[in-house]
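Colleague: Can you walk me through this one? I have the model open and a few questions.

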Amino acid sequence: MNNVFRMSHAGCIACGNEQQNPFALGLVFKIMADDTVSCRYQVQEHYQGYQGVLHGGVAAILVDSAMVNWLQLHGINNAMTAELNLRYHQALAVGDWVDIEAKLVQHRHKIYQLEATLSVTQQPKVNATAKFIQSTALS
């Protein structure tokens with residue numbers, strides 16, 4: 001990942017570092033052989049909504065971060081989320097190890113469409129689609 005991204009996201013709630021943001025989830029994504037990006041995360045109690053269940057907003061952060069990281073790891077440094085749609089199939093429990101994956105679906109002009117999934121033991125729990133636009137404001 002490039003240094004501009006690391007510096008601009010040092011305080012990010014999802015992929016930031018604990019020195020800059022003590023509440024950061026500490027997500028670190030890798031490009032896989034099938035060109036998806038992937039990360040593993042264990043659900044922490046302090047991110048629950050209902051007792052014992054990951055807050056739905058935090059699940060949204062996980063999928064959004066996966067898709068942003070797909071863009072960043074592929075050299076697209078100035079894209080912002082324009083639209084985010086989620087489908088919650090089952091709750092993610094505190095203590096679950098969640099596999100987070102994202103992939104590019106389509107790219108036209110300065111618009112990127114991606115998909116992301118949160119799975120536990122290969123069972124999809126949350127699916128998301130999103131559109132990202134390249135922004136000169138982030139250049």
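**Salt bridges, sheet and cysteines**

Modeller: Let me begin with one side chain: Glu115 is partly exposed, at a relative accessible area of 32%. Keep in mind that this is a predicted model.

Colleague: What does the side chain of Glu115 meet in a salt bridge?

Modeller: The side chain of Lys103, with an N to O distance of 3.9 Å. Lys103 sits in strand β4 and Glu115 in strand β5, so the salt bridge ties together parts that are 12 residues apart in sequence.

Colleague: Is Lys103 buried or exposed?

Modeller: Neither; Lys103 counts as partly exposed, because its relative accessibility is 39%.

Colleague: Which residues does Lys103 touch, leaving out those up to four places away in sequence?

Modeller: Thr36, Trp70, Leu114 and Glu115. Glu115 is also the bridge partner of Lys103 in β5.

Colleague: And how far is Lys103 from His46?

Modeller: Their C-alpha atoms are separated by 29 Å, and the two residues are 57 apart along the chain.

Colleague: How many salt bridges does the structure hold?

Modeller: Two. Besides Lys103 with Glu115, the side chains of Asp99 and Arg40 meet at 2.8 Å, N to O. That pair links distant parts of the chain, with Asp99 in strand β4 and Arg40 in strand β2 (residues 37-42), 59 residues apart.

Colleague: Are Asp99 and Arg40 buried or exposed?

Modeller: Asp99 counts as partly exposed at 24% relative accessibility, while Arg40 counts as exposed at 51%.

Colleague: Let's move to the sheet. What is the strand order?

Modeller: The order is β1-β2-β4-β5-β6-β3, in an open sheet of six strands with antiparallel pairing. β1 (30-31) and β3 stand at the edges with a single partner strand each, so one side of each has no neighbour in the sheet.

Colleague: What holds paired strands together in general?

Modeller: Backbone hydrogen bonds, in either a parallel or an antiparallel arrangement.

Colleague: How many bridges are there between β4 and β5?

Modeller: Nine, in the antiparallel sense, with β4 covering residues 97-108 and β5 covering residues 111-120. The β4 and β5 hairpin has two residues between the strands, and His109 there takes a positive phi near 55°.

Colleague: And how many between β5 and β6?

Modeller: 10 bridges, again antiparallel, with β6 spanning residues 123-134. Leu118 has Val126 as its bridge partner in β6. β5 and β6 also form a hairpin with two residues between them, and Thr121 in the turn has a positive phi of about 45°.

Colleague: Back to the edge. What does Ala82 contact, aside from neighbours within four places in sequence?

Modeller: Ala82, which is found in strand β3, is in contact with Lys131, Phe132 and Ile133. As for Ile111, its C-alpha is 9.1 Å from that of Ala82, with their positions 29 residues apart in sequence.

Colleague: Which residues form the nonpolar patch on the surface?

Modeller: Met80, Ile111 and Ile133, with about 260 Å² of accessible area together. Met80 lies in strand β3, residues 79-88, and counts as partly exposed at 40% relative accessibility.

Colleague: New topic, cysteines. How many disulfides does a search of the whole structure find?

Modeller: Zero.

Colleague: Why is there no bond between Cys12 and Cys15?

Modeller: Because their sulfurs are too far apart for one: the sulfur of Cys15 is the closest cysteine sulfur to that of Cys12, and the distance is 3.7 Å. The cut-off used for a disulfide is a pair of cysteine sulfur atoms within 2.5 Å. Looked at from the other end, Cys15 is in no disulfide either, and the nearest cysteine sulfur to its own is that of Cys12.

Colleague: Is Cys15 buried or exposed?

Modeller: Cys15 is buried, because its relative accessible area is 18% and buried means under 20%.

Colleague: Fine. Give me a recap for my notes.

Modeller: The sheet is open and has six strands with antiparallel pairing. There are two salt bridges, one of them joining Asp99 and Arg40 and the other Lys103 and Glu115. Met80, Ile111 and Ile133 form a nonpolar surface patch. No disulfides are found.

Technical notes:
Residues numbered from 1 in each chain as written. Predicted model: local features only at pLDDT ≥ 70, side-chain atom pairs only at ≥ 80, totals over all residues. Heavy atoms only, no water. Buried < 20%, exposed > 50% of the residue type's maximum accessible area, 1.4 Å probe, protein only. Patch = residues over 30% accessible without salt bridge, like charges linked within 9 Å, V, L, I, M, F, W, Y side chains within 5 Å. Areas by Shrake-Rupley, 256 points an atom, 1.4 Å probe, with all protein chains shown as cover. Salt bridge = Lys/Arg side-chain N within 4 Å of Asp/Glu carboxyl O. Helix = DSSP H or I, 4+ residues; strand = E, 2+ residues; numbered from the N terminus. Contact = heavy atoms within 4.5 Å. Pairing = 2+ DSSP bridges.
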